[in-house]
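New to this one? Have a look at the chain below, and then we'll walk through it together.

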Amino acid sequence: MSLPLTLADLDLATIISAVFQSHAETVAAWQRNEPGSWGALAGQAVLAVRRALGRALTDAERRQVWQATWDQLMQFRR
């Protein structure tokens, strides 16, 4: 019997990059500070990680995904 996957088992950066590529228009909207764009991207990242884990995320895991998503978005602004 294998242990359930955790965030540590995933490459979050790669998953989030794929979300950004799939939702390039939303990333562009975020860069223009359009309302709702951050939430849309954060939600898509959570959904992608949920699919990768095969289960719902805990509140702490969701916060980690949000932070990783934000950190990666901030790289676009640099």
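Which residue follows α2 with a positive phi? That's N33, and its phi is near 60°. Keep in mind that you're looking at a predicted model.

Now zoom out. The protein has four helices and zero strands, so from the N terminus on the elements simply run α-α-α-α. The radius of gyration is 13 Å, close to the 12 Å that the globule rule gives for 78 residues, so the protein is as compact as a globular protein of that length. Here are some whole-protein values:

| Property | Value |
|---|---|
| Span of the C-alpha trace along the principal axes | about 45 × 20 × 20 Å |
| Residues that count as buried | 31% of 78 residues |
| Exposed area | about 5,100 Å² |
| Share of exposed area from carbon and sulfur atoms | 54% |

As for charge, there are 8 positive and 7 negative side chains, and the centres of the two sets lie 4 Å apart. Among contacts with a separation of 6 or more, 68% join residues 24 or more positions apart.

Back to α2, which covers residues 24-31. Its buried residues are V27, A29 and W30. Seen down the helix axis, they fall within an arc of 160°, so they line one face of α2. Their cover includes α1 (12-22), α3 (37-53) and α4.

Helix α4 takes in residues 59-77, and Q72 is found there. Is Q72 buried or exposed? Buried: its relative accessible area is 13%, and the cut-off for that label is under 20%. Leaving out residues up to four places away in sequence, Q72 touches A13, I16, S17 and F20.

Conventions:
Residues are numbered from 1 along each chain as its sequence is written. This is a predicted model: local features need pLDDT of at least 70, side-chain atom pairs count only at pLDDT 80 or more; totals for chains, interfaces and linings use all residues. Side-chain values use heavy atoms; hydrogens and water are left out. Helices (H or I, at least four residues) and strands (E, at least two) are DSSP runs, numbered from the N terminus. Buried means under 20% relative accessible area, exposed over 50%, partly exposed in between (1.4 Å probe, protein chains only). Contact means heavy atoms within 4.5 Å. The arc is that of the directions from the helix axis to the C-beta atoms. The radius of gyration is taken over C-alpha atoms; the globule rule is 2.2 Å times the number of residues to the power 0.38. Accessible areas come from the Shrake-Rupley method with a 1.4 Å probe; for residues, only the protein chains shown count as cover. Lys and Arg count as positive and Asp and Glu as negative; His and the chain ends are not counted. The place of a charge is taken as NZ of Lys, CZ of Arg, CG of Asp or CD of Glu.
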